[in-house]
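Dear colleague,

I am handing over the structure below for your consideration. My account of what was found in it follows directly after.

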Amino acid sequence: MLEGKQNGQVFKLPKVILLATNITNVELEKAKAAGFADTVIMKPMRASMAAACLQQVLGIGKKRQAGKNMLNGSMALQGLLCGKKILVVDDNMVHQRVVAGALKKFEVAVECRESGKAALKLLQRPYCFDAYFMDIQMPEMNGFEATHPIRMMESKANKQMNGGMDEDSGRKGEWHVPILAMTADVIHATYDALNAGWMDVSKPFEEAKLYQVVAEFFKSTRSNCFT
Amino acid sequence: MERNPMRRQLASLRKSLFDQGYLDEQFMELEQLQDDANPNFVEEVVTLYYRDSARLILNLDHALERRPLDFSKLDGLMHQFKGSSSSIGAKKVKAESTLFREYCKYGNAEGCMRTFQQLKKEYATLRKKLETYFQLARQIGPMESANRPK
């Protein structure tokens, strides 16, 4: 699990991006406590948004003009995303297929799982993902419950790497899993997340703002943990 | 065989699906994902949708026969159905799903049942139109069908 050290360099755990249908500004601002999810995106996920989020989440590329069709975008973007490993967790098979389709467009290696449980099983093995797209309203284990262990793993790993010292924002030993959490009901999801102190969201519709928030979190180290 | 009339027909059929509110822009998102590497992406996703939604409709039908109604279960099923429908851009079907869930929220059995009948009608209509659309698209040929610029 979480292998991939390279010459003692910091390596990054996957990121989680929240996907949601609607969210108010109030919720957004309130929910910016760091933790669970790094950004919110509406369901159903727009293919163009997937690319935008991934681009920012993985700390690559520049801000694109709002409204531009991401998919007609450059070979450069494709090249940068190429080879990244993404885990999509969604119990809705149709939506899962759409998300996978959008990501594969950029030659991202996509793994899909239907439940949080199944997803966590994957993490027991030496997989390493660059990002997770996680549905947070699944019946057995919702997205928050699934990502909590990921965050725990992070702190543990951070502590280990820092010899016992836990640095939140320090670059060294900072693992921050980009989690894209998908939900059709963000208002309730947000409240849950706020209560759990896990959520960190951004407004999906405004691409510019999305970049801003996402970039804040992801300007850290590039992932060294992939093939 | 003269393809132009068929192409025009396809374009017109497609346009009417949007104009009449059967599909929304999410469907276009699917079209944009279709390319040489994935020449049948849209139809594949829609076919997946048919399977998924048929199953859910069956489950909903059964659930609606129970007395008393289990609104929580109904809502759960419809949440799934709505999710699938919105993933392919099935606009009218999605709207009925939303309405259904509202009735569930207020425990309105009659509203649920009425809405579900309407939903099934919309679903059947959409499905028929999409089947026609894809059939025509297949006749025309792989590259020219769904991959249309905005």
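A word on the record annotations comes before the findings: UniProt positions are given in the numbering used here, feature names are shortened, and annotations may be inferred rather than shown by experiment. Please also bear in mind that this is a predicted model.

**The annotated aspartate in chain A**

With that understood, UniProt lists A:Asp135 for "modified residue: 4-aspartylphosphate", in an unreviewed entry. In the model, A:Asp135 is part of strand β5 of chain A. Is A:Asp135 buried or exposed? Its relative accessibility is 2%. The limit for a buried residue is under 20% relative accessible area, so A:Asp135 counts as buried.

**Strand β3 and its partners**

Strand β5 (residues 131–135) of chain A pairs with strand β3(A) in the parallel sense, over 4 bridges. Within this pairing, A:Leu87 has A:Tyr132 of β5(A) as its bridge partner.

Strand β3(A) has a further pairing, with strand β4 (residues 109–113) of chain A; this one is also in the parallel sense and runs over 5 bridges. Here A:Val110 in β4(A) is the residue that stands opposite A:Ile86. Helix α4 (residues 93–104) of chain A joins β3(A) and β4(A) in a β-α-β unit, and this unit is right-handed.

Why can strand β3 of chain A be described as largely enclosed by the rest of the structure? The strand covers residues 85–89, and 4 of its 5 residues are buried, which is why the description applies.

**Chain A as a whole**

The strands just described belong to a chain with 8 helices and 6 strands. Along the sequence, the elements of chain A follow the pattern β-α-β-α-α-β-α-β-α-β-α-β-α-α. Chain A has 227 residues, of which 57% count as buried. Among its contacts with a separation of 6 or more, 75% are between residues 24 or more positions apart. The accessible surface of chain A is about 9,600 Å², and carbon and sulfur atoms account for 51% of that surface.

**Chain B**

Chain B has 6 helices and 0 strands. Its elements, read from the N terminus, therefore run α-α-α-α-α-α under the assignment used, in which helices and strands are DSSP runs. The C-alpha atoms of chain B occupy a box of roughly 60 × 30 × 25 Å along the principal axes. Of the 150 residues in chain B, 47% are buried. For contacts in chain B with a separation of 6 or more, residues 24 or more positions apart supply 69%. The accessible surface of chain B is about 7,800 Å², with 50% belonging to carbon and sulfur atoms.

What does the record place on chain B? UniProt gives the feature "domain: HPt" at residues 44–127 of chain B, again from an unreviewed entry. Over residues 44–127, the model of chain B is 86% helix and 0% strand. The C-alpha atoms at the two ends of that stretch are 14 Å apart.

One backbone detail of chain B deserves mention. The peptide bond that leads from B:Arg67 to B:Pro68 is cis, with omega near 0°. B:Pro68 itself is found in the loop between helices α3 (41–63) and α4 (71–88) of chain B.

With kind regards

Note on methods:
Residues numbered from 1 in each chain as written. Chains lettered and ligands numbered in written order. Predicted model: local features only at pLDDT ≥ 70, side-chain atom pairs only at ≥ 80, totals over all residues. Heavy atoms only, no water. Buried < 20%, exposed > 50% of the residue type's maximum accessible area, 1.4 Å probe, protein only. Pairing = 2+ DSSP bridges. Right-handed = clockwise from strand over helix to strand, strands pointing away. Contact = heavy atoms within 4.5 Å. Areas by Shrake-Rupley, 256 points an atom, 1.4 Å probe, with all protein chains shown as cover.
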